[in-house]
Amino acid sequence: MAKTQLNVRVDEDTARAARERALARGMSVNRYIEELVRQDAGETGRTFVEAAADFMKQYESVFCEEFTQARGTGTAPGDGCR
C-alpha cells in the first residue's frame, strides 16, 4: 500500500508520550500513530454497527408491521418479519 506523509503538530507532552509509548511497544512513532488511527476507525465501525443493531431491535415491531402490510402477509410483529 502506498504511504502518504502527514505533518501533525502536537504539544511537547503529547509528542513525548507518543515517543515513549511507541518505544515501549517496540515500534516507530509513525507505526504507533497509524495503529491508533486504525483502532479508532475500527471502534467507530463497531460502535455504528452496535447502534444500528440496537435501533433495529428497538423498532423491529414498527418495521415488521410496515413491511408485512406492504407485502400483504399476515405475519405478526416480533416473529422475525417472515
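**Notebook: salt bridges, pocket and confidence**

I started at Arg 16, which is partly exposed, with a relative accessible area of 39%. The model is a predicted one, and I kept that in mind throughout.

**Entry 1. The Arg 16 contact.** Which side chain does Arg 16 meet in a salt bridge? I found Asp 13, at 2.9 Å from N to O. Both residues sit in helix α1. They are 3 residues apart, about one turn of the helix. I then looked up the cover on the acid. Asp 13 is exposed, at 53% relative accessible area. The cut-off for exposed is over 50%, so Asp 13 at 53% counts as exposed, while Arg 16 at 39% falls in the partly exposed class.

**Entry 2. Arg 31 and its acids.** Next I went to helix α2. Arg 31 is partly exposed, with a relative accessible area of 37%. I noted a salt bridge between Arg 31 and Glu 35, 2.8 Å from N to O. Those two lie 4 residues apart in helix α2, about one turn of the helix. Arg 31 also meets Glu 34 in a salt bridge, here at 3.9 Å from N to O. The rule asks for a nitrogen within 4 Å of a carboxyl oxygen, so the Glu 34 pair at 3.9 Å is counted. Glu 34 and Arg 31 are 3 residues apart in helix α2, which again is about one helical turn.

Are the two acids buried, partly exposed or exposed? I read 22% relative accessible area for Glu 34, partly exposed. For Glu 35 I read 23%, also partly exposed. Buried means under 20%, so neither 22% for Glu 34 nor 23% for Glu 35 qualifies.

I followed the links outward. Lys 3, Arg 31, Glu 34, Glu 35 and Arg 38 are joined in a network of salt bridges. The total count is 6 salt bridges.

**Entry 3. The largest pocket.** I looked up its volume and got about 680 Å³. Its lining holds 20 residues, and the closest to its centre are Leu 6, Val 29, Asn 30, Ile 33 and Glu 34. Elements giving two or more residues to this lining are α1 (12–24) and α2 (29–58). Helix α2 supplies the largest share, 7 residues. By type I listed 10 nonpolar, 5 polar and 5 charged residues in the lining. Glu 34 thus turned up twice in my notes: in the salt-bridge network and among the residues closest to the pocket centre.

**Entry 4. Ala 22.** I wanted a buried residue to set beside the ones above. Ala 22 is found in helix α1. It is buried, at 1% relative accessible area. I also checked Ala 22 against Ile 33. They are 11 residues apart in sequence and 8.5 Å apart in space, C-alpha to C-alpha.

**Entry 5. The whole chain.** How many helices and strands are there? I count 3 helices and 0 strands. The order from the N terminus is α-α-α. The chain has 82 residues, and buried ones make up 9% of them. The exposed area is about 7200 Å². Carbon and sulfur atoms supply 55% of that area.

**Entry 6. Confidence.** I closed with pLDDT. The chain mean is 84, and 84% of its residues reach 70 or more. Which element has the lowest mean pLDDT, and which the highest? Helix α3 (residues 60–71) is lowest, at 78, and α1 is highest, at 97. The Asp 13 and Arg 16 pair lies in helix α1, the element with that highest mean. A reminder to myself: where pLDDT is low, predicted coordinates should not be read in detail.

Terms used. Residues numbered from 1 in each chain as written. Predicted model: local features only at pLDDT ≥ 70, side-chain atom pairs only at ≥ 80, totals over all residues. Heavy atoms only, no water. Buried < 20%, exposed > 50% of the residue type's maximum accessible area, 1.4 Å probe, protein only. Areas by Shrake-Rupley, 256 points an atom, 1.4 Å probe, with all protein chains shown as cover. 1 Å grid on protein atoms, 1.4 Å probe; cavity = no way out; pocket = protein on both sides within 12 Å on 5 of 7 lines; lining within 4 Å. Points joined across faces, edges and corners; volume = space filled by probe spheres on them. Nonpolar A, V, L, I, M, F, W, Y, C, P; charged D, E, K, R; others polar. pLDDT = per-residue confidence, 0-100.
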